[in-house]
Each structure stands twice: as structure tokens, then as C-alpha cells.
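Reader: I'm new to this one. Could you show me the structure and let me ask a few things about it?

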Amino acid sequence: MEQHGLVMVYTGNGKGKTTAALGLGLRAIGAGQRVLLVQFMKGDPTYSELKGIAYLPGFEVVQTGLHHWVTKETISLLDKTEAQRGLNIARNAFVEERHELVILDELNCAIDYGLIPEADVLELLTHRPQFMSVCITGRGAPASLLEAADMVSEVTEVKHHFRQGIPAQKGIEF
Ligand code: ATP
Ligand code: MG
């Protein structure tokens, strides 16, 4: 059966978008495929998922973004340059055609924060090789991206332990 690549989006305010994308990556590796994960606005190299991925041959990771928490009020030129670097890595992957799955983690946030123009992402997607799947995560996906996608799941917060004052837990959040 010929591989039919899909554009998949995980958005919404609930917990589970990045972990869903990582789960897709795990499944793809199990299927003998190659995966590229490009993280946006995530410069912290200590995330446990990166250590987990290191056990999986064929699963490549590139982090972009600075090692700090970006707020809409404190965006620097370097935040934008880093996000553009991430988009360029995705663009190269589309040309090289080495991966069956490319995950663009938190790209929606990078658009929402004005680090990357929405139009650049839509333009990039028109160059996706037909066999390749692309998974985009992050809160606040723009309507144009939902329109362009083949699959969209919106994760809704019903409850989050954060509201009970339980801080981020190793192995669950990072
Ligand atoms: P995860 O990485 O656990 O799958 P996510 O990708 O859906 O979460 P993000 O929007 O990327 O979540 O948020 C990053 C961090 O914020 C995660 O550590 C996550 O646990 C936490 N988070 C997600 N949703 C909520 C929420 N509704 N309230 C508080 N914290 C949240
Ligand atoms: Mg996330």
C-alpha cells in the first residue's frame, strides 16, 4: 500500500498535545520509519522526552528557541531568528525526503506569538512530499492551518492537576 502522508494538528488548552505527537513518533519508529522532531520555543535540553528519544534509532531531534520562557511582551529578535531556523530545518527535510514523519512541536505557539508568519507555514506545507506526514502541535492553531490539515484534534482541559497547585512533575510534564 502506498504511504499517504497526512497533515495532523494537535491544538487546544488541555494537556496532551506534545505527548500525542511523541506517541505518533514512537509508532512511526516501530513501523520502521524515520522521524524528525523540530521543537519551537524550547531551548531546554534537559526534557526527559529527549533522553527517551535517544534510545530510538531513526528519531532525530532539533531544538530551537532560547533557554528561557517567552512571553508576548519580551520577544527578542533572537527568538524570531531561532523560530525561522526551525522552519528552515523543516523546509530542508521536505527537500531531502529522508523522514516519513516530521513533528513541528509548538509551531502553533510560535505563530501565535508572532515569531513566524502564519503565511510562511501555509506556504511551507504546500511543499510537503506526498508520502510524508507532518504533525504540528501547540495551543491556538490558526483557522487557516485547521483548514489546510487532514486531521485536527483539539485537546480540551476538563481538569488539570496544576489547578490543585501540583507543580510540573518529572516524567509527566518534562
Ligand atoms: P504535554 O507536553 O504534557 O503533552 P501539551 O503539549 O498539551 O502538554 P503545552 O500547551 O505545550 O501542553 O503546555 C506545556 C506545559 O504546560 C506542559 O507541561 C503541560 O503539562 C502544561 N499544561 C498543559 N495544559 C495545561 C493546562 N490546561 N493548565 C496548566 N498547565 C498545562
Ligand atoms: Mg506542548
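Author: Sure, here come some questions and answers on this predicted model.

Reader: Let's start with the strands. Is strand 1 covered or open, and how many of its residues are buried?

Author: Buried here means under 20% relative accessible area. On one side of strand 1 sit Val7, Val9 and Thr11, and on the other Met8 and Tyr10, all of them buried. Strand 1, residues 7-11, is thus mostly covered, and its buried residues number five of five.

Reader: Why do the residues of a strand split into two sides like that?

Author: That's a general feature of regular strands, and it's about where the side chains point. They go back and forth between the two faces of the sheet, so the word for it is that they alternate.

Reader: Which strands does strand 1 pair with?

Author: Take single residues to begin with: methionine 8 stands opposite cysteine 135 in strand 5, while valine 9 stands opposite valine 152 in strand 6. Four bridges join strand 1 to strand 5 (residues 133-137), and the two run parallel. Another parallel pairing, also with four bridges, links strand 1 to strand 6 (residues 151-154). The partners you asked for are strand 5 and strand 6.

Reader: And what is the bridge partner of tyrosine 10 in strand 5?

Author: Strand 5 has both faces covered, with Ser133, Cys135 and Thr137 on one side and Val134 and Ile136 on the other. All five of its five residues are buried. The one paired with tyrosine 10 is threonine 137.

Reader: Which residue of strand 5 does leucine 101 stand opposite?

Author: Here we turn to strand 4, which runs parallel to strand 5 and is joined to it by four bridges. Leucine 101 stands opposite serine 133.

Reader: What handedness does the crossover from strand 2 to strand 3 have?

Author: Strand 2 (residues 35-39) and strand 3 (residues 59-63) run parallel, with five bridges between them. Within that pairing, valine 38 has valine 62 as its partner. The chain gets from strand 2 to strand 3 by way of helix 2 (residues 48-53), and this β-α-β crossover is right-handed.

Reader: There's a magnesium ion too. Which protein atoms are its donors?

Author: The ion is ligand 2, and its protein donors lie 2.0 to 2.1 Å from it. They are Thr18 (OG1) and Glu106 (OE).

Reader: How many residues apart in sequence are the parts that this pair ties together?

Author: Threonine 18 lies in helix 1 (residues 17-30), and glutamate 106 in the loop between strand 4 (101-105) and helix 4 (107-112). Threonine 18 counts as buried at 15% relative accessibility, and glutamate 106 is buried as well, with a relative accessible area of 15%. The pair therefore ties together parts whose distance in sequence is 88 residues.

Reader: Which element gives the largest share of the lining of the largest pocket?

Author: That pocket holds about 1300 Å³ of space. Of its 38 lining residues, the closest to the centre are Lys42, Trp69, Glu106, Arg139 and Glu173. Two elements give two or more residues to the lining, helix 1 and helix 2. The largest share, four residues, comes from helix 1.

Reader: By class, how does the lining of the second largest pocket divide?

Author: The second largest pocket has a volume of about 280 Å³. Its lining counts 15 residues, with Gln3, Met8, Leu24, Gln33 and Ser133 nearest the centre, and helix 1 gives the most, three residues. By class they divide into eight nonpolar, four polar and three charged.

Reader: What about closed spaces: what volume does the largest cavity have?

Author: The count comes to one cavity of 30 Å³ or more. Residues lining the largest cavity include Phe40, Met41, Leu66 and Ala110, and helix 3 (residues 77-96) gives the largest share, three residues. Its lining has seven nonpolar, two polar and two charged residues. The volume is about 40 Å³.

Reader: One last thing: how far apart in space are threonine 81 and isoleucine 116?

Author: Threonine 81 is found in helix 3, and it is partly exposed, with a relative accessible area of 44%. In sequence, threonine 81 and isoleucine 116 are 35 residues apart. In space, C-alpha to C-alpha, the distance is 9.2 Å.

Notes
Residues numbered from 1 in each chain as written. Chains lettered and ligands numbered in written order. Predicted model: local features only at pLDDT ≥ 70, side-chain atom pairs only at ≥ 80, totals over all residues. Heavy atoms only, no water. Pairing = 2+ DSSP bridges. Right-handed = clockwise from strand over helix to strand, strands pointing away. Donors = N, O, S within 2.8 Å, 3.2 Å for Na, K, Ca; no water. Buried < 20%, exposed > 50% of the residue type's maximum accessible area, 1.4 Å probe, protein only. 1 Å grid on protein atoms, 1.4 Å probe; cavity = no way out; pocket = protein on both sides within 12 Å on 5 of 7 lines; lining within 4 Å. Points joined across faces, edges and corners; volume = space filled by probe spheres on them. Nonpolar A, V, L, I, M, F, W, Y, C, P; charged D, E, K, R; others polar.
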